[in-house]
Every structure is written in C-alpha cells, then in structure tokens.
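Here are my notes on the model, point by point. Have it open as you read, since each point picks out a particular spot.

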Amino acid sequence: MSTPTPGPSEELGAFLRAHRELLKPADVGLTATPRRRTPGLRREEVASLSGVGLAWYTWLEQGRVTASRQVLTSVARALRLDAAGLRHAMRLAGYHEPAGPGGAPEGLAATVRPVLDSWPASPAVLLDRHFDLLAWNTPWSALWGSPESVPADRRNLMWLMVADPRLRTVLHDWEPLAMNIFQHFRAQAGPALSDPRTGEVYARLEEDAPELRHWWGCHSVAELTARTVTVRPAGSAPMTLSLSSFHPVDDPSALILLFTPTTEEDRTRMLALTERPLRAVEGQGGERAAG
C-alpha cells in the first residue's frame with residue numbers, strides 16, 4: 001500500500017511566515033538597511049538561506065506547493081526553528097511519525113496506570129498526543145479534581161488549564177504553565193484542518209474560554225519544560241511541586257506528567273490531601289454503622 005503524498009498546507013505557510021517576520025537580519029548574519037520595510041526577513045532572504053527559489057518559497061508560504069522533508073528541514077534551519085518548531089512544521093506538512101506499538105488508548109492506559117499508582121504522593125497523568133487524559137492516579141484527582149467529573153469531550157489538559165475553575169484556583173501563577181502547555185500542544189498535535197480531534201479541542205476552547213482567543217491564533221511552539229509550581233488546595237497549606245514529563249516507550253507520542261513534592265514537608269501535605277477523601281468515606285461508613 002502506497003503512502004499518500006502530503007498536500008499543500010495553508011497552516012504551514014502561515015506558520016513559516018509568522019516565524020520569518022519574527023527574525024531580524026542580524027539573527028542570520030545579514031545587515032539591515034535603513035530602507036527596509038518588511039518586518040523580519042524578506043522572502044528572498046529565506047529562500048537564499050534555504051537554497052530554494054524565491055517563487056517556490058513564496059508559493060510555500062501561500063500554501064500552493066508541497067515540500068519534501070529535506071527541503072522543509074532546510075527552510076526550518078534558515079528560520080532558526082528549534083526541535084519543537086521543526087516537528088510542528090513537519091506535522092503541518094503532513095509528515096507524521098508512525099503510530100506507536102501500544103495499540104488502542106485503552107491498552108496504553110492499562111499498561112501505564114500501575115506506574116502512575118506507584119507514586120502515592122505525586123500527582124501524575126497520562127496524555128495522548130492531543131493531550132486528552134487517558135489515565136491518572138489518586139493524588140492527581142485529590143489535587144486537581146477527578147477528571148471523571150469532566151465531560152469526555154472536554155477531558156483534555158488544555159481545556160482544564162483554562163476552563164476548569166478548580167485548577168486555576170489551586171495553581172498559583174497558572175498562566176506561564178498554561179501557555180507552555182499550549183505551545184507544546186501545537187508542536188505535538190496535528191493541524192486542525194486535517195485532524196478532527198485537534199479541531200474539536202480548539203472548538204471547545206473557543207466555546208468555553210473565548211477571552212483567550214488570541215492564544216489559539218498564536219503560531220509559537222515549544223517543548224514542555226521542567227519547572228517548579230506552587231499549589232494551594234482548599235484547606236491545605238501551600239505546596240511546591242516539581243513538574244517533569246516523559247514519553248512511555250509503548251507510544252512515544254503519548255506523554256506522562258509528574259508533579260513531585262520538592263520537600264518532605266510538601267510530600268507529607270500531599271499525602272494528607274490524598275488521604276482526605278478516603279478518611280471522609282471511612283467516617284461516613286462509621287456513622288452509618290452506628291445508626
């Protein structure tokens with residue numbers, strides 16, 4: 001069976017144009033002239049740096065031609081795209097990585113769930129490439145709320161970051177992490193026009209958080225970086241957690257997020273928060289028995 005040839009992409013053209021306009025001539029070793037009117041680099045400069053013709057590069061930005069992996073890599077290098085930007089450009093051009101051997105999401109979740117449960121004091125979650133939540137542990141539910149209470153079509157980390165009131169209340173200074181998650185999503189997910197789930201996620205965000213519409217239209221991409229965050233759940237003292245992420249070997253397109261308490265005091269508080277629902281259930285059982 002032959003592999004279909006990727007078609008022209010207007011999303012790719014818009015992405016390349018946005019990055020071209022962000023670059024300064026000095027960024028690529030060129031000298032700016034006083035009469036320069038174009039923001040960023042000119043198309044002919046990118047074409048020359050990429051080793052392609054001006055007309056062809058113009059058509060590429062206009063979404064009228066396709067590019068091979070090799071040529072697109074040259075263009076990305078000229079535009080100084082990082083690894084996340086190159087990966088996003090490849091996806092927009094139709095070059096997707098082969099699916100992992102893990103099979104259906106249910107199978108991957110079943111495999112990874114015991115790993116998540118092995119962290120009794122560290123909230124952890126398994127995401128697919130669209131950042132839909134596939135599995136989570138008890139500390140995750142204790143800190144952020146149970147994902148099962150969220151409708152399935154909105155059970156997505158991007159939606160939770162901007163539309164879930166509990167998460168935004170618990171997470172101190174949520175915006176830098178939320179923006180980084182969106183930047184990584186763009187690098188990770190497919191183009192909205194050809195990927196139904198990506199389009200659906202954007203539609204839910206538009207519906208439930210229209211005030212952040214300028215986020216959805218941004219073309220910036222980035223890797224999800226390790227960081228320290230401060231959380232303050234209701235009825236608990238503040239805790240500091242260290243965020244790390246890694247890909248399960250069964251499906252490199254999936255992602256595990258792990259929030260690890262940074263101190264023993266933070267770990268003790270996280271354990272107490274995790275055990276709070278269990279104690280409440282046990283107390284209700286004792287009341288029923290006494291009655």
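1. Let's start with helix α11, residues 196-208. Its 13 residues reach 18 Å from the first C-alpha to the last, close to the 18 Å expected at 1.5 Å a residue. Bear in mind throughout that this is a predicted model.

2. Which residues of α11 are buried? They are R197, T198, V201, Y202 and L205. These residues sit on the same side of α11, because they cover an arc of only 140° around the axis. Turn the helix over and you'll find the exposed residues P196 and E207 on the face away from the buried side.

3. What do the buried residues of α11 pack against? Three helices are in contact with them: α8 (157-163), α10 (174-188) and α12 (213-216). Y202, one of the buried residues of α11, also joins F131 and F185 in one aromatic cluster.

4. While we're on rings, the count for the model comes to eight aromatic pairs. Take W144 and F259: the ring centres are 5.8 Å apart and the planes are at 65°, which is over the 60 degrees needed, so this pair is edge-to-face. The pair ties together distant parts of the chain, with W144 in helix α7 (residues 138-144) and F259 in strand β5 (residues 255-261), 115 residues apart. W144 and F259 are both buried.

5. F182 and W215 make another edge-to-face pair, at 5.2 Å centre to centre with 75° between the planes. Here too distant parts of the chain are linked: F182 belongs to helix α10 and W215 to helix α12, 33 residues apart. Both residues are buried. It's worth viewing this pair alongside point 3, as α10 and α12 are among the helices that the buried residues of α11 pack against.

6. Now move to helix α2 (residues 43-50), where S50 is found. Is S50 buried or exposed? Its relative accessible area is 10%, under the 20% cut-off, so S50 counts as buried. A polar atom of the S50 side chain lies 2.7 Å from the backbone oxygen of V46. Leaving aside neighbours within four places in sequence, S50 is in contact with S74, V75 and A78.

7. S50 has company: the buried residues of α2 are E45, V46, A47 and S50. So V46, whose backbone oxygen appears in the previous point, is itself on that buried list, by the rule of under 20% relative accessible area. The cover over these residues includes α1 (10-22), α3 (54-61) and α4 (69-78). Just after α2, G51 takes a positive phi of about 75°.

8. Finally, the overall picture. The protein chain has 13 helices and five strands, and buried residues make up 45% of its 291 residues. Of the contacts with a separation of 6 or more, 58% are between residues 24 or more positions apart. The W144 and F259 pair, 115 residues apart, is one link between distant parts of the chain. As for the surface, the chain exposes about 14700 Å², and carbon and sulfur atoms supply 55% of that area.

Conventions:
Residues are numbered from 1 along each chain as its sequence is written. This is a predicted model: local features need pLDDT of at least 70, side-chain atom pairs count only at pLDDT 80 or more; totals for chains, interfaces and linings use all residues. Side-chain values use heavy atoms; hydrogens and water are left out. Helices (H or I, at least four residues) and strands (E, at least two) are DSSP runs, numbered from the N terminus. Buried means under 20% relative accessible area, exposed over 50%, partly exposed in between (1.4 Å probe, protein chains only). Contact means heavy atoms within 4.5 Å. Accessible areas come from the Shrake-Rupley method with a 1.4 Å probe; for residues, only the protein chains shown count as cover. The expected span of a helix is 1.5 Å times one less than its number of residues. The arc is that of the directions from the helix axis to the C-beta atoms. Rings of Phe, Tyr and Trp (its six-membered ring) pair if their centres lie within 6.5 Å; planes under 30 degrees apart count as stacked, over 60 as edge-to-face and the rest as tilted. A polar contact is a pair of N or O atoms within 3.5 Å; within protein, one must be able to donate a hydrogen and the other to accept it, and residues adjacent in sequence count only if both atoms are side-chain atoms.
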